[in-house]
Amino acid sequence: MILNAGNILLIGSILLFISIVVGKAGFRFGVPALLLFLGVGMLFGTDGLGIEFNNPQTAQFIGVIALSIILFSGGMDTSAAEIKPVLGQGIVLATVGVMFTAFLTGYFIYYITNLENSFVTLNFTESLLLASVMSSTDSASVFSILRSKRQGLKENLRPMLELESGSNDPMAYMLTILLIGIIQSGENSLSNTILQFIMQMSIGAVSGYLLGRLAVYCINKLNINQSLYPVLLLAFVFFIFSFTDLVKGNGYLAVYLAGLVVGNHKVVHKKSLTTFFDGITWLFQIVMFLTLGLLVNPAELLPVAALSILIGVFMIILARPISVFLCLIPFRKMTTKARAYVSWVGLRGAVPIIFATYPLIANIQHASLIFNVVFFITILSLVVQGTTVSFMAKLLGLSTPEERKNVFNVELPEEIKTAMSEIEVIPSMLAKGDKLMDLVLPDNTLVALIKKNDSYCVPKGKTKLHTGDKLLVITDDDEALMKTYESLGITDYSIQKNA
């Protein structure tokens, strides 16, 4: 087939459609959708149905764009109030934890590849490069799996894991670029490396915060067509990453922090912006994993299977847990079970594979081996760890009820200083009568809408209520409303509160 614009669009649309269908089917069986997207790419690749794609530069470019959007969207969806109590743990895991993981795994790789019967011999720098590429947890995988499963976790573990995965890429990136430079030049300046890291992190943090505030200001002050606000914010995402990179800062950290700033400030049309970024994040996750699946040749994975399994098991069972437990020693309030769970959710995904394209582009010796080993370990991590996120939470007693899914899908404008709640009618609520007027509610509280089965109705005082009906409640006193819920034995409810 001749690849022209029409054929590329045809193939691309088919791949997207298949990925979405396969992802939905896989979700029912607890298989991470991202793993299936990789599988679709491999199925249609050179060793599958014959789509030839062997361009690491293009894959890296797509990955950078996708990660910028994924990290920004992840930051937007993260509450500053939630991450504040776990800020210290997240930062330590994202920096020192990545270094520990890299060095422990690097020593292990150097040891096993220098055994007498090893099919490949790597020196220590090459071993450390392979380990560094895989040393960070993957934001796309962590965000996607935790949120798609709506996994509730005790001890603020979810914001901690999301903070770690959203902010630990800079350290892995720095180690990867540093070691490639050492291999190419043979020079190693520790002081220069430390200075460069501090500069990248500092510039990235300052740039992300200031440009995030600028984005908030522009969105609120520019009076443009409502449909253009998502386009404006997307332009800011790309500008923040590229500008930060231009001034020698870390773009990945900058876009994540900018997302935090935007998501935790009042902006006009926030609901439509959030919906837009949810959709485009999924699009680029699919495109990124499809591209990486097309880039790899499955036949080349078999020769490195044994080595990859050894390294992968070592990282899951030893390197990650040792790093986590050492990093979390100062945080004594964390239980051992919580530390064990953080150790387990060290998911690898697209980020390590994208970082593995850097040695390929730099023509480092054993670059193909590094890429294939990283790809294999990513699959192993998604299969072993990605499918057991909920199981391990329940096993360790850290699981909480799933986040309640809103039935009415209504959000109050931020200008309205009130609270909105959704509840399901239970028998105790009907003890004094089955009409709405009989319902015990605080003053300044109104039932605005009722859902009965699949129909909605605007309620009146004489409207009859039945067990299982869903109520949309608006109140000026959310504390009094929650006390009323407690007195009626209502535990399953959601509250959206505007400050």
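**View 1. Lys452 and Asp469 join their side chains in a salt bridge.** The N to O distance here is 2.6 Å. This is a predicted model, as are the details in every view that follows. The two partners come from distant parts of the chain, 17 residues apart: Lys452 sits in strand β4, while Asp469 belongs to the loop between β5 and β6. Asp469 counts as buried because its relative accessibility is 7%. Keep Lys452 in mind, since this residue returns in the next view, where it stands opposite Ser455 in β5.

**View 2. Strand β4 pairs with β6 and with β5.** Let us begin with β6. Strand β4 covers residues 445-452 and β6 covers residues 470-475. They run antiparallel to one another, with 6 bridges between them. For a handy landmark, find Leu449, which stands opposite Leu472 in β6. Turning to β5 (residues 455-457), its pairing with β4 is also antiparallel, over 3 bridges. Here Lys452 faces Ser455 of β5. The β4 and β5 hairpin leaves 2 residues between its strands. What sign does phi take at Asn453 in this hairpin? Phi is positive at Asn453, near 55 degrees.

**View 3. Arg158 and Glu162 form a salt bridge within helix α8.** Nitrogen and oxygen come to 3.4 Å in this pair. Why are Arg158 and Glu162 separated by about one helical turn? The answer lies in their spacing, because the two are 4 residues apart in α8, the helix of residues 157-167. Are these two residues buried or exposed? Both Arg158 and Glu162 are buried. The structure holds 4 salt bridges, and the one between Arg158 and Glu162 is among them.

**View 4. Glu164 reaches Arg320 through a salt bridge.** The closest N and O atoms of this pair are 2.7 Å apart. Glu164 lies in helix α8 and Arg320 in helix α14, so the salt bridge ties together parts of the chain that are 156 residues apart in sequence. How accessible are the two partners? Glu164 is buried, with a relative accessibility of 2%. Arg320 is buried too, and its relative accessible area is 6%. Arg320 also helps to line the cavity shown next.

**View 5. A search of the whole structure finds 1 cavity of 30 Å³ or more.** A probe the size of a water molecule, rolled over the atoms, shows where empty space is left. In the largest cavity, that space comes to about 60 Å³. Its lining is made by Gly312, Met315, Ile316, Arg320, Gly346, Arg348, Ile377, Leu380, Ser381 and Gln385. Two or more of these residues come from each of α14 (305-327) and α18 (367-384). Which element gives the largest share of the lining? That element is α14, with 4 residues. Before moving on, take note of Arg348 in this lining.

**View 6. Asp169 is buried yet has no salt bridge.** This residue sits in helix α9, which spans residues 169-185. Which side chain of opposite charge is nearest to Asp169? It is that of Arg348, 9.3 Å away, and Arg348 is one of the residues lining the largest cavity. Leaving aside residues up to four places away in sequence, Asp169 touches Leu71, Ser136, Thr137, Ser139, Val351 and Phe355.

Key. Residues numbered from 1 in each chain as written. Predicted model: local features only at pLDDT ≥ 70, side-chain atom pairs only at ≥ 80, totals over all residues. Heavy atoms only, no water. Buried < 20%, exposed > 50% of the residue type's maximum accessible area, 1.4 Å probe, protein only. Lys, Arg positive; Asp, Glu negative; His and termini not counted. Contact = heavy atoms within 4.5 Å. Pairing = 2+ DSSP bridges. 1 Å grid on protein atoms, 1.4 Å probe; cavity = no way out; pocket = protein on both sides within 12 Å on 5 of 7 lines; lining within 4 Å. Points joined across faces, edges and corners; volume = space filled by probe spheres on them.
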